[in-house]
Amino acid sequence: MSDSTDAPATPAHDPQALAGLAAEIAQQAATRILELRAQGVAVAASKSSAVDIVTAADQESERFIVAAIQAARPDDGILGEEGTGITGTSGITWVIDPIDGTVNYLYDLPAYAVSIAATVTDAAAFADGRRAIAGAVCNPRTDELFVAWQGGGATRNGEPITITGQEDLAVSLVATGFGYTVERRIEQAAMVSRLLPKARDIRRIGSAAYDLCLLAAGRLDAYFERGLQPWDYAAGVLIAREAGARLLGRDDATPPGEPFLVAGAPNLVAELRDVVLGGE
Ligand code: IPD
Ligand code: CA
Ligand code: CA
């Protein structure tokens, strides 16, 4: 599926080649975090709140990914969750989450992933001002590699994937996630309480990037969250969109992103948004 505002595919901006690089680096980083997990894991620091943690593996994974991107594409920018902020000159900025689902990683629950996206800035950008043209998400615990580039469809371990297409909210399985601050969680609890009586069920899997890939692969019907950061969604939204999902923001004037993001079948997302945000 192709966006109407696709950036021209110059050699430096060839989405398929960028997706290949994202996939290769994501797989290598994912293998590394699995090795580190086997050696044990400890909380290295906390961020926005005591429950918002970072492990040494998050930091090492980010260092590895940044070095690999810089070796392959020294003119690109890089934005990483664990502090990387490199301004590039090529027009491509990589947006990376070295471990998405760090709490699952801490507890050895098999839902965490490395997320890597190559983004551009244009009129079709998300709320953070960027939009992925290529991306990869790798979950080393399930041995899954999801890859997409704009106009190229989405794959799971090399096989094409599509969303379920479910349009009836009453029989939809809807995933969401929660932030780390008390104020944000109070709002999120209200969203869930509005939705729960109206959907098949909800899931809180613990990795936004992986949630979006599960949606893309037809293992969830929809996903929404408020408060996501660019690294949480950059690759996943492209994979979901290329698998047939529609993305909406908080209202029709606001692009999807931190204020709110909902993804699912084109004829489901507006109703889901109304239910979740109803009364705000
Ligand atoms: C978190 C996960 C979680 C989502 C949070 C994110 P992290 O990322 O994606 O599913 O609900 O909003 O912050 O901290 O594990 O990288
Ligand atoms: Ca994350
Ligand atoms: Ca993370």
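Let me start with Asp-252 and Arg-273, whose side chains meet in a salt bridge in this predicted model, with 2.8 Å from N to O. Asp-252 sits in the loop between strand E14 (246–248) and strand E15 (261–264), while Arg-273 belongs to helix H7 (residues 269–277), so the bridge ties together parts of the chain that are 21 residues apart in sequence. The two partners are placed quite unlike each other with respect to the surface: Asp-252 has 71% relative accessibility and therefore counts as exposed, whereas Arg-273, with a relative accessible area of 9%, is buried.

For anyone new to this kind of contact, the general idea is that side chains of opposite charge can pair when their charged atoms come close. The structure holds 14 salt bridges, and I will go through two others.

One of these is between Glu-144 and Arg-219, where the N to O distance is 2.4 Å. Glu-144 lies in strand E8 (residues 144–149), and Arg-219 lies in the loop between helix H5 (208–216) and strand E13 (222–225), so this pair ties together parts that are 75 residues apart in sequence. Here the acidic partner is the covered one, since Glu-144 is buried at 2% relative accessibility, and Arg-219, at 41%, is partly exposed.

The other is between Glu-187 and Arg-226, with 3.2 Å from N to O. Glu-187 is in helix H4 (residues 182–195) and Arg-226 is in the loop between E13 and H6, so parts that are 39 residues apart in sequence are tied together by the pair. Glu-187 is partly exposed, with a relative accessible area of 31%, while Arg-226 is buried, with 9%.

What, then, of Asp-252 and Arg-273, with which I began, the pair that links the loop between E14 and E15 to helix H7? They are not named in the network I want to mention next, in which salt bridges that share partners join Arg-184, Glu-187, Arg-226 and Glu-258.

Now to the metals. Which residues hold the calcium ion that is written as ligand 2? Its protein donors are Asp-97, Asp-100 and Asp-232, each through an OD atom, and they lie 2.1 to 2.2 Å from the ion. Read along the sequence, these donors follow the spacing D-x2-D-x131-D. The site links distant parts of the chain, because Asp-97 is in strand E5 (residues 93–100) and Asp-232 is in helix H6 (residues 230–242), 135 residues apart. Asp-97 is buried, with a relative accessible area of 0%, and Asp-232 is buried too, with 12%.

The calcium ion that is ligand 3 takes its protein donors from Glu-81 (OE), Asp-97 (OD) and Ile-99 (O), at 2.2 to 2.3 Å, and their spacing in sequence is E-x15-D-x1-I. Glu-81 is in the loop between strand E3 (77–80) and strand E4 (85–86), and Ile-99 is in strand E5, 18 residues apart. Glu-81 is partly exposed at 23% relative accessible area, whereas Ile-99 is buried at 1%. You will have noticed Asp-97 in both lists of donors: this residue bridges the two calcium ions, ligand 3 and ligand 2, which lie 3.6 Å apart.

Let me turn to the surface. Val-51, Val-103, Tyr-107, Leu-109 and Tyr-180 make a nonpolar surface patch of about 460 Å². Leu-109, one of its members, is in the loop between helix H3 (102–107) and strand E6 (113–120), and it is partly exposed at 43% relative accessibility.

Finally, the protein as a whole. It has seven helices and 15 strands, and its C-alpha atoms fill a box of roughly 50 × 45 × 30 Å along the principal axes. How does the radius of gyration of 17 Å fit with a compact globule? For 280 residues such a globule would have a value near 19 Å, so the protein agrees with that expectation. Buried residues make up 52% of the 280 residues. Among contacts with a separation of 6 or more, 65% are between residues 24 or more positions apart. The protein exposes about 11400 Å², of which carbon and sulfur atoms supply 52%.

Terms used
Residues numbered from 1 in each chain as written. Chains lettered and ligands numbered in written order. Predicted model: local features only at pLDDT ≥ 70, side-chain atom pairs only at ≥ 80, totals over all residues. Heavy atoms only, no water. Patch = residues over 30% accessible without salt bridge, like charges linked within 9 Å, V, L, I, M, F, W, Y side chains within 5 Å. Areas by Shrake-Rupley, 256 points an atom, 1.4 Å probe, with all protein chains shown as cover. Salt bridge = Lys/Arg side-chain N within 4 Å of Asp/Glu carboxyl O. Helix = DSSP H or I, 4+ residues; strand = E, 2+ residues; numbered from the N terminus. Buried < 20%, exposed > 50% of the residue type's maximum accessible area, 1.4 Å probe, protein only. Donors = N, O, S within 2.8 Å, 3.2 Å for Na, K, Ca; no water. Rg over C-alpha atoms; globule rule 2.2 N^0.38 Å. Contact = heavy atoms within 4.5 Å.
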